Amino acid sequence: MVGRFAATGMALVLALTVAACGRNDEAEKTDEPAAAQTVTAAPAFDSPTLKAIRARGRLNCGVHEGLVGFAFTDNRGEWRGFDADFCRALAAAVLGDANAVRFVPLNTSQRFEALRSGRVDVLWRTTSWTLTREAQEGVSFAGVNYYDGQGFLVRRSLDLASAAELNGARVCVQRASTSELNVADWFRSRGIEYRPVVTADEEAAREAYAREDCDAFSADVSALAAARTLLPNPEQHAILPDVISKEPLGPAVKRGDEAWASIVRWTLNGLILAEELGVTRQNVETMAEDSRDPRIRRLLGLEGGYGAMMGLSNDWMKSAIEAEGNYGEIFARNIGADSTLDLARGLNAQWNARPGGLIYALPIR
């Protein structure tokens, strides 16, 4: 009896040993191919759009047809504004010449087709970054340069404290825009009746409001601030405190050229980082000569060779900053404290400001 159990035990031990060896053999067989695998090389950083820009010698930048503070022509026919300055900074970064840019004015219905067809290289036109636009319009957004939201412009004589008091009001809004959809959603969700006065574009909506064809004009707050400056008596109009949407505005490029999207993204990011690090249009040359801060040295192309990684000169950001200044300078000059719009930084303050905002630079390293 004992012998039988012993024999059984020996057989069990033997079986377990064989099984263990089998598992080890399988593990070794599994490990062998992994050890033999070669490292997959990263795809080349190559941009057909950048090649086309260099071949023609200029950047084609799609902008608003005329929006005070953002993109408009001055008395000499020169393009000015927040978006226009970013176009020039990008031209300086990729071509070394801030004036090597052709501004292409586009209305709302033209803007995405202009990108898809290659008529413009970048769209910098107060355009909100949404899922639908990336999924269906054939474009990619390269970042956010202005955090906006939709609001309402009304006459002070109406003595309104909130948009909730617009029950039964006529509201001017641009056709086929996120503004039209946002207004419909906002009133519907609150059970408030209103009468939409739908126009072809923002200019037509402003003109309709000026004629008193509507009681309120709804658009992005930045656009309302610009529109108010064009009215006969700006002080007689107020922007209500209600902000009914999130409108992250930023540059868009044609989908399919990831390298070009990166170049636009990192140029915008570099201007944001320059403000964070205190690099300005006035001191950039001195900083390039004297700064020991490795972050500044990387930004200005003194260390790291980051421009060359993208097919640009290593001082690409130095050129961009010399052209139009850092993000804060561009903001203040065109839409902030030094402009007729006098918009507060608000959400567009640096993350480490007091009070802080949403502007946050990605590290160049």
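Helices here are DSSP runs of H or I with at least four residues, strands are runs of E with at least two, and I number both from the N terminus. I'm working on a predicted model, where local features need pLDDT of at least 70 and side-chain atom pairs count only at pLDDT 80 or more, while totals for chains, interfaces and linings use all residues. Residues are numbered from 1 along each chain as its sequence is written, and side-chain values use heavy atoms, with hydrogens and water left out.

**Entry: the sheet**

I looked up the strand order of the open sheet. Its five strands run 10-9-11-8-12, with mixed pairing; two strands pair if DSSP finds at least two bridges between them. Strand 10 (194-199) and strand 12 (237-239) are the edges, and each has a single partner strand, so one side of each has no neighbour in the sheet. From one strand to the next, the twist averages 30°.

I then checked strand 8 (residues 150-155) against strand 12: they run antiparallel and three bridges join them. In that pairing, V154 sits opposite A238 of strand 12.

**Entry: what packs on the sheet**

Which strands does helix 6 touch? Helix 6 (residues 178-190) packs on the sheet against strand 8, strand 9 (169-174), strand 10 and strand 11 (216-220). Contact means heavy atoms within 4.5 Å. The direction of helix 6 makes about 80° with that of strand 8. For these angles, axes are lines fitted to C-alpha atoms (for helices, over the stretch in contact), and values run from 0 to 180 degrees between N-to-C directions.

I also found helix 8 (residues 221-230) lying across strand 8, strand 11 and strand 12, at about 125° to strand 11.

**Entry: helices 3, 9 and 14**

I took the three pairs in turn. The axes of helix 3 (residues 82-95) and helix 9 (residues 258-277) come within 10 Å and cross at roughly 115°. Helix 3 and helix 9 are therefore roughly perpendicular, a label for angles of 65 to 115 degrees, with under 35 being roughly parallel, over 145 roughly antiparallel and the rest oblique. The crossing of helix 3 past helix 9 is right-handed: the near helix is turned clockwise from the far one by less than a right angle, whereas anticlockwise would be left-handed. Helix 3 brings F86, A89, L90, A93 and V94 to this contact, and helix 9 brings W260, I263, V264, T267, L268 and L271. I get ten nonpolar residues, one polar and no charged. By class, Ala, Val, Leu, Ile, Met, Phe, Trp, Tyr, Cys and Pro are nonpolar, Asp, Glu, Lys and Arg are charged, and the others, Gly among them, are polar.

For helix 9 and helix 14 (residues 327-334), the axes come within 6 Å and cross at roughly 95°. That makes this pair roughly perpendicular too. On helix 9 I see L271, I272 and E275, meeting Y327, G328 and I330 of helix 14. The classes are four nonpolar, one polar and one charged.

Helix 3 and helix 14 have axes that come within 9 Å and cross at roughly 145°, with helix 3 passing helix 14 in a right-handed crossing. F82, D85 and F86 of helix 3 meet Y327, I330, F331, R333 and N334 of helix 14. Here I note five nonpolar, one polar and two charged residues.

**Entry: disulfides**

How many disulfides are there? Taking a disulfide as a pair of cysteine sulfur atoms within 2.5 Å, I get two. One of them joins C61 to C87, S to S 2.0 Å. The link of C61 and C87 is left-handed, with -55° about the S-S bond. C61 is in strand 1 (residues 59-64) and C87 in helix 3, so I logged a link between distant parts of the chain, 26 residues apart.

**Entry: backbone oddities**

Most residues other than glycine have a negative phi, and most peptide bonds are trans. I flagged D159, not a glycine, for its positive phi of about 55°. D159 is in the loop between strand 8 and strand 9. I also flagged the cis peptide bond from R354 to P355, with omega near 0°. P355 is in the segment after helix 14.
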